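Trainee: Please take me through one part of this model in close detail, the side-chain contacts of the second chain and whatever they reach. I'd like to see where each partner sits and how well it is covered.

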Amino acid sequence: MLRSSLIGVAFAAAFAFSVLWSARGRRTSERHTFAWLLVAVAIAGLSLWRQGIDALATAMGIYYAPSALFFIALTCLMWLVYRLSLQVADQRQQLKRLAQEVALLTSAEAERAARAQPRPEVVSSAVAARRDSHAV
Amino acid sequence: MDTRQGLIVLLAFNEEECIGSTVAELREALPEFDVLVVDDGSRDATAQRARDCGARVLSHPFNLGVAAGEASGLLFASRNGYEHVIRMDGDGQHDPASVPALREALQSGVELVIGSRFAGVTSFRSTWLRRFGNQFLAGLLSTLSNHRITDPTSGFRGFGPQAIRFFARVHPHDYPEPESVLMAARQGFAIAEVPVRMRPRLTGTSSLTPWKSAFYMAKVSFALLMERVRPV
């Protein structure tokens with residue numbers, strides 16, 4: 001086996017191990033783990049099948065084989081990042097809604113608790129201070 | 001659910017120095033309105049000061065931004081059956097004397113009324129860059145919404161019952177002032193502008209710089225164009 005193939009397979013194996021280790025610690029979800037494992041398998045496959053890159057480049061009409069590899073890798077990464085940005089946007093919305101519901105519930109609870117106590121009257125001094133600040 | 005008349009929603013973030021006087025002034029000048037302070041994750045005593053002065057308070061557990069603050073106020077109004085909502089800033093820049101004009105428009109059937117700083121009252125002065133930016137956005141928003149809008153970024157505005165229910169459910173993500181005007185127009189809501197007076201802020205300073213203003217203008221323009229092509 002060529003040295004470059006060995007390096008490629010070793011990198012794929014280390015990457016797959018890291019992904020599985022994270023999954024073991026429940027730090028990633030199963031669907032993400034599966035997707036990243038597929039990436040590791042693809043790296044290992046292209047490292048072992050030396051003519052694979054040339055075959056892909058020919059099929060794509062690209063003269064310089066490594067360019068085809070870069071194109072495929074960049075496309076995959078862009079797709080993954082785009083998917084992640086969609087999920088972040090969804091979760092941002094959910095988080096905002098959750099925070100608003102928490103605020104509404106906390107406010108209702110505070111008002112229920114405050115009903116037992118008389119509400120203070122409007123603070124006249126504060127009104128006077130406000131007027132003074134805008135007096136010419 | 002009982003129907004209540006009007007709610008003033010004050011958006012506040014770290015405004016402990018002036019929120020008390022703003023709430024107290026509003027309660028004295030406009031006793032027919034309930035006052036709700038949306039405390040957007042303040043790290044100071046904003047919520048307590050507002051509560052002490054008789055406001056109802058909604059405290060976000062962390063800072064969510066102006067758009068979410070307005071949405072929370074409208075959600076509160078919708079859940080509690082308010083007919084009209086007037087949104088104002090907690091720093092006291094919006095003059096309570098202008099609220100009756102907004103309320104009159106709402107009572108005449110308008111669903112979204114914008115308090116305009118540029119529609120006849122000359123209390124508001126700004127730099128030429130901000131004036132240019134405002135005029136550009138006003139032109140774009142007027143064209144896209146088919147309504148003449150002179151102050152697309154005014155946060156001093158009122159919502160009628162349909163608009164409250166609609167915006168409590170669907171609300172712009174980032175730029176609530178101009179985006180909601182376009183959304184309201186596309187819903188077929190009646191929209192109006194009334195002149196309002198602005199006062200100098202009591203505390204703090206504006207964080208806007210020329211670069212930030214230009215970038216803001218570009219982002220808002222993009223958001224408006226996106227809003228225009230979304231399904232109604």
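Mentor: Let's settle cover before anything else: buried means under 20% relative accessible area, exposed means over 50%, and partly exposed is what falls in between, with a 1.4 Å probe and protein chains only. This is a predicted model, so local features need pLDDT of at least 70 and side-chain atom pairs count only at pLDDT 80 or more, while totals for chains, interfaces and linings use all residues. Residues are numbered from 1 along each chain as its sequence is written, chains are lettered from A and ligands numbered from 1 in the order written, and side-chain values use heavy atoms, leaving out hydrogens and water.

Now to B:R103, which counts as buried because its relative accessibility is 18%. Its partner is B:E32, and the closest N and O atoms of this salt bridge are 2.2 Å apart (the rule asks for a side-chain nitrogen of Lys or Arg within 4 Å of a carboxyl oxygen of Asp or Glu). B:R103 belongs to helix α4 (residues 99-107) of chain B and B:E32 to the loop between α1 and β2 of chain B, so the bridge ties together parts that are 71 residues apart in sequence. Helices here are DSSP runs of H or I with at least four residues, strands are runs of E with at least two, and both are numbered from the N terminus. B:E32 is partly exposed at 38%.

That's one of 12 salt bridges over all chains. In chain B, five residues are linked in a network of them: B:E70, B:R87, B:D89, B:R157 and B:E177. Another bridge leaves the chain: B:R79 meets A:E101, with the closest N and O atoms 2.9 Å apart. Helix α3 of chain B carries B:R79 and helix α4 of chain A carries A:E101, so this pair joins two chains. Both ends are partly exposed, with B:R79 at 40% and A:E101 at 23%.

The two chains also share a nonpolar surface patch of about 360 Å², made by B:F62 together with A:L95, A:L98 and A:V102. To join a patch, residues need over 30% relative accessible area and no salt bridge, with nonpolar side chains (Val, Leu, Ile, Met, Phe, Trp, Tyr) joined within 5 Å and like charges within 9 Å; areas come from the Shrake-Rupley method with a 1.4 Å probe, and for residues only the protein chains shown count as cover. On the chain B side, B:F62 lies in the loop between β3 (56-59) and α3 (66-79) and is partly exposed at 38%.

Next, the rings. Over all chains, the structure holds eight aromatic pairs. One of them is B:F159 with B:F167, edge-to-face at 5.9 Å centre to centre and 75° between the planes. As for the rule, rings of Phe, Tyr and Trp (its six-membered ring) pair if their centres lie within 6.5 Å, and planes under 30 degrees apart are stacked, over 60 edge-to-face, the rest tilted. Both rings of that pair are buried, B:F159 at 0% and B:F167 at 0%. Then there's B:Y175 with B:Y216, centres 5.6 Å apart and planes at 90°, so edge-to-face too. B:Y175 lies in the loop between α6 (161-169) and α7 (176-187) and B:Y216 in helix α8 (residues 210-229), all in chain B, so this contact ties together parts that are 41 residues apart in sequence. B:Y175 is buried at 13%, whereas B:Y216 is partly exposed at 26%. Back at the phenylalanines, ring pairs link B:F159, B:F166, B:F167 and B:F189 into a cluster.

Finally, have a look at strand β1 (residues 4-12) of chain B, where seven of the nine residues are buried. β1(B) pairs in the parallel sense with strand β4 (residues 82-89) of chain B over seven bridges (two strands pair if DSSP finds at least two bridges between them). β1(B) also pairs in the parallel sense with strand β2 (residues 33-39) of chain B, over seven bridges. Within these pairings, B:L7 has B:V85 of β4(B) as its bridge partner, and B:V9 stands opposite B:L36 in β2(B). After β1, in the loop that leads to α1 (19-29) of chain B, comes B:N14. Its phi is near 50°, a positive value in a residue other than glycine, and B:N14 is partly exposed at 29%.
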